[in-house]
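Student: I have this one open for the first time. Can you walk me through it?
Tutor: Yes, go ahead and ask as you look.

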Amino acid sequence: MDQQVLDRLYDIVGPDGVVAHKSARSVYDCDGYTLEKAVPEIVVLPHSTEEVAAVVKFLNRERIAFVPRGAGTGLSGGCLPVEAPVMIGTSRLNKIVHIDLLNRYVVAQSGVVNLWVSNAVKEQGLQYAPDPSSQQACTIGGNIAENSGGPHTLKYGVTTNHVLGLEVVLPDGEIVTLGGTVEDVPGYDLRGITIGAEGTFGIVTQAALKLTRQPQAYRTFLAVFESVHHATQTVSGIIASGIVPAALEMMDTLIIQAIEEAFHFGFPTDAGAVLIIEIDGLAASLDPQTERIQAICKHNKAREVRIARDDAERMALWKSRKRAFGAIGRLSPNYCTQDGVVPRTKVPDILQRITEVSEKYQLRIANVFHAGDGNIHPILMYDERNADETRRVVQAGKEILNACVDLGGSLTGEHGIGVEKMGQMPLIFSPEDLMVMTQLRSVFNPDNLCNPNKIIPTPGGCIDVTTPRRQVPL
Amino acid sequence: MTQAAGHPPSPQFIIDGQAPETVVYPASIEEVSRLLKEANEHGRAISPVGHGAFLHLGGVPKRYEQALCMTGLSAIVDYQPTDMTITVGAGMSLAQLQAILGENGQWLPLDPPCLERATVGGVIAANLNGPTRFSQGTVRDFLIGIKVVRADGTLIKGGGQVVKNVAGYDLPKLYCGSFGTLGVIVEATFMIRPRPEAQTTLALTFSSAEKAGEAALKLTGSDMQPFFLELANFSPLSSSRDQQGDAYCLFVGFAGMQEEIDDQRNHLRDVVGDDIGSIEELSVDEAQTLSQALRDFPVSGPATLRCKVSLQPTQLATFCSDLAAEARRRYAPARLLARAGNGILYAAFEGDTVPDDQILSLVDWIRVHATGSNGFGVVEEISSALKERANVWGSVGKAFPLMQRLKDTLDPKGILNPGRFVGGI
């Protein structure tokens, strides 16, 4: 990188705000999507919105592309620097700026970790509802970029349903507020279109987040089934009964075994599938719902329905679920997680297709997913030292997503398109749809300097990853 | 499908006294597409219209040559009760939609004014909602897919048919509240919910706005989960429209399973405390009358001026009593209804003889006091002659250049509802 550019960046953010050494930068070569890697030429870690704005203004003037990054827990390569030499990390923007308990909102900088928000208001009986499985590490800015979900979105909605307003540094360095701290703000909902734009509309530096009351009571069930089929029937039964569970998660044999080995919760390792069903709300409503849920499970031949005895057991159950991906490390050196969505009633069909794909490509695939909203997370296991297996993983992943689209679904429920699924966008969007998205991006990011080469495939130049492009030796 | 020339258009299509030269009635997406393409080529200003129930909203049209009546696009495109999703044409009325969903014990959790005359497209474009937004949310929380015809006639879509989806930019959000200025909404997919099994409403009275506001905050700060929570300086149930001094009412709805309703009703008094005039559970008939009145309030009864103010919930009560006093000083009695948990206030001012400058000074008062605390005041109804001076949408600040660029990108010739949205967009 040009020394003058480096000097200017040092001037803006100070020596402790620049990561220049090769070995230190290599940490930033990928997010949770590890099939592709690229080391940024420099990483800057601004300390304030003003520093972000100054860095961006300078890069815009120099026509140097940049990519924003939170904690790097994304799963689609959203912060992979592709032809973007400068990475702007938000880790120093880590302050909760303002808490308003009575009006139930928090203003937090974008580098604040998701869980810190809930922890800051826990004592007062409030919470920030979106709870991605990586919530102990992932940042608010990253959640906003990806419009992240989590197990409890079935009842509470995803990130966009809980954001009142954003402070954004636009790709030309201007600082704007989109939305606000009150509910109805006149004008176009630019906050709504910026959430989920995967960092291509600018860099979010601060956000006003809605707080939700903690439920008065929870009840968490572990229902054990001989087969995936019976578990999915139960999911449909619960949804059809008019109950809106807080969460409805499924895990298959392979993942149950991995989790049990890792966390010793007491999962039945011989079960075909288990469901974690959680209801919450007023204590008075839980007994009647419990009866209904137990009856539906029984009707669908549940072998056993356990209820978490206390909060400690509930937390242990959720800890196991949320760390499921980590437990896969015991089964395989590498894995790739897909994030397709199907209409809820098509879950049995997609699971059947996943089994077929697993056989066809000779890959082990574990399933742990948000069954209640049809958001699947097949985990494809491989060893990156085996080039042929790596290639098969990429192919198998695509085939699963194609099947989701065939069933009326989508390529991604909560992980984003990133670089990973760009090539498949034409499966669900027409050239006209993609054109309008390109135009929308140009409204915010006219020179495409902010997080280029993401989401929208370049017309004609179909991006087709069959092998990792920029694998960097570590 | 075009209304014969020479016939005066029905009042359904009049906007601020302006009648369109033609009214067209497309019956399919293809026809909408063809009509827009044609209008765009000729630079003809066009306004999408449903049943015309909300045409008083927004600025005076800069030009208005053609009304595009959308009520012909009212089909169910796809309804999967077990997936809890429905796709319908944008011209379907909310009443019709709720009736279809009701057959399966489901509903779209939105209760905007004029259910019979509010269309799906209108609800999205004008971001219409009602009392249950407190517990359920607004249209952006339920709209998961959208089809739109762009100004040049191109059909585009965003989102999809599934309840969780982050593929591509979130176009459905962009069209919520876009006021028909970025394209014509032709089809919408919603996620839906089971209809609550039971419901009840309680009416509480207080001797002041502050006491009512205090009670509302105690409720939102408790474990209770009201279905709706409305604060008013009048009661739609009493025959007299005149306010009883400074008395305020709080209407609290509970919905769900009978067990949770009973539990909350029994604990309501403990939560709100003793500083209360009366507390009464409404009969089924009264509750129905009330809920319709609360829903329709933003468009019902005569008013010289109507405003919607967005504030922090904690600011509502003081704002209400100060505003009521300001209105009294101007001989423009105010009826105030607030979505107490959301910080949204609807204010309707009567008094046909109030001079224009007094009306405008009320608007100013509202703006100054709302924006002073990061809120917003929008004029929803005022005589067309005063609209420009009142600047109905108010200022949107530094984000405006982005909005203008967005408009110029999606509607470069400015044919869609010109002049009716923020900053004259």
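Student: Which domains is chain B divided into?
Tutor: This is a predicted model. In it, chain B is divided into domain 1 (11–70 + 413–424), domain 2 (71–194), domain 3 (198–297) and domain 4 (301–390).

Student: And how far apart are the C-alpha centres of domain 2 and domain 4 of chain B?
Tutor: Those two centres lie 29 Å apart.

Student: OK, the two chains. How many residues are in contact?
Tutor: On chain A there are 70, and they are in contact with 65 residues of chain B.

Student: Which element of chain A gives the largest share of that side?
Tutor: H16(A), with eight residues. By class, the side of chain A that touches chain B has 32 nonpolar, 28 polar and ten charged residues.

Student: Switching to sheets. What is the strand order in the open one in chain A?
Tutor: The order is S5-S6-S10-S8-S9, five strands with antiparallel pairing.

Student: Why is one side of S5 and of S9 in chain A left without a neighbour?
Tutor: Both stand at the edges of the sheet with a single partner strand each, so one side of each has no neighbour there.

Student: How many bridges does S5(A) have with S6(A)?
Tutor: Four, in the antiparallel sense. Within this sheet, A:His98 stands opposite A:Val107 in S6(A).

Student: Last thing, where does pLDDT stay under 50 in chain A?
Tutor: Over residues 460–474. Chain A averages a pLDDT of 93, and 97% of its residues score at least 70. Where pLDDT is low, the predicted coordinates should not be read in detail.

Notes
Residues numbered from 1 in each chain as written. Chains lettered and ligands numbered in written order. Predicted model: local features only at pLDDT ≥ 70, side-chain atom pairs only at ≥ 80, totals over all residues. Domains from an automatic or database assignment. Contact = placed C-beta atoms within 7 Å. Helix = DSSP H or I, 4+ residues; strand = E, 2+ residues; numbered from the N terminus. Nonpolar A, V, L, I, M, F, W, Y, C, P; charged D, E, K, R; others polar. pLDDT = per-residue confidence, 0-100. Pairing = 2+ DSSP bridges.
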